[in-house]
Amino acid sequence: MPQQSSFPAARRLRAGRLAAVAATAALVAAGVAAPAAEAASQGRTELPSGIPQGGSGTLADTGAAPGNWGMSLRVYLAGKDPVGMVKAAQRVADPSGHDYAHYLTPAQFDQRYGTTAAQTAKVSDWLSGFGMHVTGANAHYLTVTATVDQVQQAFATSMHAYAWRSGQPPQLLRPASAVSVPAALGHDISTVLGLDDDKPVIPYTPGTAAPAGAAAPQAPAPRTTAPRAAARQSAAATPPCSQWWGQSSSPIPAVNGRTSAIDAVCGYTPQQLRDAYGVTNSQYTGKGRTVAVVLDGALPTMEADADKFFAAHGVPGFAPGQYSENFGPNFAASCRGNSDAPEEPLDVETLHIAAPDAKVVYVGADCDMTGGYGGGSLAFLDAHTRIVDQHLADVVTDSFPTREDGDSPATVAAWDQVFQQGALEGIGFDYSSGDYGDGASGEDAGSPRNVAFPASDQWATSVGGTTLEIGKNGQVTGELGWGNNAAQIDPQGTGYLTPPPGQFFMGSGGGRSNLVNEPWYQKNVVPPALATDGGTGPARRVQPDIAADGDRATGWLIGFTTPGGAYHEEVGAGTSGSSPLIAALEADAAQAAGHALGFANPLIYKLHHTPAIRDIVPAPAGQEPWAVTFLPKWDDPTAFNSYLTQFDQDGSLKTAPGYDEVTGVGSATADFVRSFARH
């Protein structure tokens, strides 16, 4: 067996105590539930667990994994001063502190906190000493291929093999015990991805290069990506609808004395959204700021489609050079036709609606790069890393959340490093909170309550959804937390296939994290009952942080060309739309403030109970609005089913005065951007 350290035992033990203090401090500051930081008797430092938050669940444990099975790892490097980096990131984001908005360039960040060549060589030599193959290295991590035996020896853990179901062959790996490194390396290694290996495992002979199948991660287990489901509406379906909230109504089968209900909106125009959020008459339009959209794939017609859409609605499209695209080195040509429509036009066009003078950069995640490494897609993680390394934007919006139970503390640690670098460089990250309430409803009915990651990361801004009522003249006439119950009306229009109020349909995601501790900015704002799950557990991160329009019944128009199809317009919505709305308003606010907002949560929570934020409260009992809504039929998109939809019904999540799990501190108002001119 290779030696685990070349350091004398006494020195390793002393280094272990020092590394334990640093590791524990970093984990606590980062908001991750800290493990026992040191196995003192062995002089080792424990790393964040690689076991997904949901554990092994119903997986069948087939016992110890064969030692010659191949594994692919990313060993993340801690950099020069990981504890100091966390503290500095907090200071630069604190609007009441002296260091607020004193940002670093990527070069300055690398100089102060980046990985050294000595660290890279030290960790690489240690891994190679076990017979592992270091296949690549960059400023953040080493890529490694290894056998199960080599991993167990190096990280002092036991790897078990799992099957999806009892009786099936094993295809997954999980560490069955804590993961650690020699204390002498505790300052150099921050986390390891790939120990929760959701891919077919391939045996190979130790001492040789791993086969391609073992080195390249395969597609992870299916995971919920709910936020995208709310965006679609068939362009051919033309049911009755209103041009503004409450303009028209339709008859319904009688229920509780009601014989009619208002029609859902046809889709707000860019001008209506600009009016509602105070953009129309504002001098702050995002000028001088850049917003990034991160998605996989790419529409080859995106800029042309956006310009066509805006021209059709009488507002300017993108100026030359205002829209750009940035793709990674592994972005395949096939990704150009593998677009995530309508998500991409929803994000890109929404940004231009609410920040008409901001630059927009579409950052493409490598769509051919599959794999999980703990739930969060490596392709998306790499795209975010590219943003901070090259400072591609001032604020980022993304809508790829996965269920948090598929992620591990090791995953959180890797994302935290990117987010903290972004905070120090003045880059903020906004994520949709999800479209299925507490994650235990809708398509996940019967599942435990579950929130979305990376929206649940304490260094990200989680954006929830509202039902935004825009009146005839562009003014906001009302706003509720987004959550819908829907009862389908029969084809004859004489009754209901499901009795009203029907079943939960969709709503703003939110709730308590089981993975991330309560961040400093939520203390004294989030009710303890929410943070501790009614006093049954430790205080954790709760999402969302802020909200914007997201209800499909109050959605807005977007236009795009489906690859191989024709240009058309449809209604976009969901928290996938709420997130770019907030990101765009933050770009406007950055112009007003005279500097990038960076990580905005501390400032957002300070704006609580000011005109910048509308506190969203429940509708009076018995007065929740109803509307007739429509969805295209699955088997015939030119036809539609009709529903009686009740609003302000987000499953177990409830709006309330002050902070709540549906809208966070509340929704952005027309005063949101103007308020930043005073900070």
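Two rings of Phe, Tyr or Trp, taking the six-membered ring of Trp, make a pair here if their centres lie within 6.5 Å. With that in mind, welcome to a set of close-ups from a predicted model.

**View 1. Ring pairs link six residues into a cluster: W459, W520, Y521, F599, Y605 and Y659.** The structure holds 22 aromatic pairs, and here we look at one that involves two members of the cluster, Y605 and Y659. Their rings are stacked, with 6.5 Å from centre to centre and 20° between the planes. This pair links distant parts of the chain, as its two residues are 54 residues apart. Y605 belongs to helix α14 (residues 601-606), while Y659 sits in the loop between β32 (640-646) and β33 (667-668). Are these two tyrosines buried or exposed? Both Y605 and Y659 are buried.

**View 2. F109 and Y113 form a tilted aromatic pair.** The ring centres lie 5.7 Å apart and the planes meet at 40°, so the pair counts as tilted. Both residues come from helix α3 (residues 106-113), and because they are four residues apart, about one helical turn separates them. A friendly reminder: an α-helix has 3.6 residues a turn, so residues three or four places apart point the same way. F109 is buried, and Y113 is buried too.

**View 3. Helix α11 (residues 409-425) packs with helix α2 (residues 82-93) and with helix α10 (residues 378-390).** How do the two packings read side by side?

| Helices | Angle | Axes apart | Orientation | Crossing |
|---|---|---|---|---|
| α2 and α11 | about 45° | 8 Å | oblique | left-handed |
| α10 and α11 | about 25° | 9 Å | roughly parallel | left-handed |

Angles under 35 degrees count as roughly parallel, so the angle of about 25° puts α10 and α11 in that class. The angle of about 45° between α2 and α11 makes that pair oblique instead.

**View 4. Helix α13 (residues 575-593) is mostly covered.** Of the 19 residues in α13, 18 are buried. From its first C-alpha to its last, α13 reaches 26 Å, close to the 27 Å expected at 1.5 Å a residue. Just after the helix comes G594, and the phi of G594 is positive, near 85°.

**View 5. Six strands form an open sheet with mixed pairing.** Following the sheet across, the order is β12-β13-β31-β32-β23-β24. Which strands lie at the edges? They are β12 (249-255) and β24 (503-507), and each of them pairs on one side only. Neighbouring strands of the sheet are turned by 45° against each other on average, with direction ignored. At the β12 end, four bridges join β12 to β13 (residues 258-263), and these two strands run antiparallel. Look for V255 here: its bridge partner in β13 is R258.

**View 6. Strands β7 (residues 159-163) and β8 pair in the antiparallel sense.** Four bridges connect β7 and β8. At one place along the pairing, A161 stands opposite L173 in β8. Which way do the side chains of β8 (residues 172-175) point? L172 and R174 point one way, L173 and P175 point the other way, and all are buried. In a regular strand, side chains alternate between the two faces of the sheet.

Key: Residues are numbered from 1 along each chain as its sequence is written. This is a predicted model: local features need pLDDT of at least 70, side-chain atom pairs count only at pLDDT 80 or more; totals for chains, interfaces and linings use all residues. Side-chain values use heavy atoms; hydrogens and water are left out. Buried means under 20% relative accessible area, exposed over 50%, partly exposed in between (1.4 Å probe, protein chains only). Two strands pair if DSSP finds at least two bridges between them. Axes are lines fitted to C-alpha atoms, for helices over the stretch in contact, and angles run from 0 to 180 degrees between N-to-C directions. The expected span of a helix is 1.5 Å times one less than its number of residues. Rings of Phe, Tyr and Trp (its six-membered ring) pair if their centres lie within 6.5 Å; planes under 30 degrees apart count as stacked, over 60 as edge-to-face and the rest as tilted. Angles under 35 degrees count as roughly parallel, over 145 as roughly antiparallel, 65 to 115 as roughly perpendicular and the rest as oblique. A crossing is left-handed if the near helix is turned anticlockwise from the far one by less than a right angle, and right-handed if clockwise.
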